[in-house]
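Got the viewer open and a selection box ready? Here's a walk through the model, one stop at a time.

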Amino acid sequence: MASHVVDPHASTVQHHFENAEQQKDASTIGMWVFLVTEVMFFGGMFLAYFVYRQAYPAAFASASNNTNLLIGAANTTVLICSSLTMALAVHFAAIGKKELIVLFLILTLLLGGTFLGVKAYEYHDKYVRHEIPGHGFDCRDESGKPCIDAAHTPLFFALYFGMTGLHATHMIVGVGIILFLIAQARKGAYGPEWHTPVELFGLYWHFVDIVWIFLFPLLYLIDRSAVPK
């Protein structure tokens, strides 16, 4: 009787695909299409930022100086490090190093959690300083003087919370997916034959990091200290 070799990853191929390679290609295309829609989603908010910044430059310059540059820079460093650990997780998934896959996914999780924790602290600071748009909004510089063009500074903070909040939401979703990937990786689900979920999530995580790379200069660096006297 001829021996029959069973592919341990054959069960991962869905019935409507001919083979694992075709399924991976379809999954990759699907992820890129999803990321394109995300670019358009964030693009609308970036467009609103640029339009209002051009309309009220003094208000945006004044409000930008109220963001915490040190915290923003620290979180940028954290996310860059998380991109490295995520890339290493994908690499070790491709060569079948189970322990290292789990290790670097956990490190990515910790870095993502750190980012969210720091962002929560920053939001609380804005709440204490009454810089949340709405009733009781009060934008003041370090000397206690009202921000320039105070009537329009809420626009900056509305975009600040909208853009960073949307980004943080993507981070929270990412943290949930990482927890799932860690659980699967510990069971030995990923290896050279099949590691598509880790690879595709890596694309998502890098996209979220790149969005922040654009948010950081727009919200924290541009117009820094460029406030009319």
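Start by selecting His130. With a relative accessible area of 46%, His130 falls between the 20% and 50% cut-offs, so this residue counts as partly exposed. Keep in mind as you look around that you're viewing a predicted model. His130 sits in the loop between α4, residues 98-128, and α5. Check its backbone torsions too: phi is positive, at about 60 degrees, even though His130 isn't a glycine.

Stay in that loop and jump to Asp149, which also belongs to the stretch between α4 and α5. Which sign does phi have at Asp149? Positive, at about 55 degrees, and Asp149 is no glycine either. Its relative accessible area is 30%, so Asp149 goes down as partly exposed.

Next, pick Asn66. You'll find Asn66 in the loop between α2 and α3, the latter spanning 69-94. Is Asn66 buried or exposed? Its relative accessibility is just 8%, and because the buried class takes in values under 20%, Asn66 counts as buried. Now show what surrounds the side chain and backbone here. Leaving out residues up to four places away in sequence, Asn66 touches Lys126, Arg129, Glu131, Cys139, Arg140, Asp141, Cys147 and Phe157.

Phe157 is a handy bridge to the next stop, since Phe157 is also one of the α5 residues that meet α2. Select α2 (residues 57-64) together with α5 (residues 153-186). Their axes come within 8 Å and cross at roughly 60 degrees. That angle makes α2 oblique to α5. The crossing of this pair is right-handed. To see who does the touching, colour Ala59, Phe60, Ala63 and Ser64 on the α2 side, then Thr153, Leu155, Phe156, Phe157 and Leu159 on the α5 side. Sorted by class, the contact has 7 nonpolar residues, 2 polar ones and no charged ones.

Now move along to Leu116, in helix α4. Draw a distance from its C-alpha to that of Ile172: the readout should be 7.9 Å, for a pair 56 residues apart along the chain. What does Leu116 touch, once residues up to four places away in sequence are set aside? The partners are Ala168, Met171, Ile172 and Val175.

For the last pair, keep α5 selected and add helix α6, residues 196-221. These two pack at an angle of about 160 degrees, and their axes are 11 Å apart. That makes α5 roughly antiparallel to α6. This time the crossing is left-handed. Split by class, the contact of α5 with α6 includes 20 nonpolar and 4 polar residues, with no charged ones.

Finally, clear the selection and zoom out to the whole protein. How many helices and strands does the protein have? The count is 6 helices and 0 strands, so a cartoon view should show you the pattern α-α-α-α-α-α along the sequence. Of the 229 residues, 39% are buried. Try a contact map as well: among contacts between residues at least 6 apart in sequence, 79% join residues at least 24 apart. Then switch on the surface. The accessible area is about 12200 Å², with 68% of it belonging to carbon and sulfur atoms.

Note on methods: Residues numbered from 1 in each chain as written. Predicted model: local features only at pLDDT ≥ 70, side-chain atom pairs only at ≥ 80, totals over all residues. Heavy atoms only, no water. Axes fitted to C-alpha atoms, helices over the stretch in contact; angles between N-to-C directions. Helix = DSSP H or I, 4+ residues; strand = E, 2+ residues; numbered from the N terminus. Parallel < 35°, antiparallel > 145°, perpendicular 65-115°, else oblique. Left-handed = near helix turned anticlockwise from the far one by under 90°. Contact = heavy atoms within 4.5 Å. Nonpolar A, V, L, I, M, F, W, Y, C, P; charged D, E, K, R; others polar. Buried < 20%, exposed > 50% of the residue type's maximum accessible area, 1.4 Å probe, protein only. Areas by Shrake-Rupley, 256 points an atom, 1.4 Å probe, with all protein chains shown as cover.
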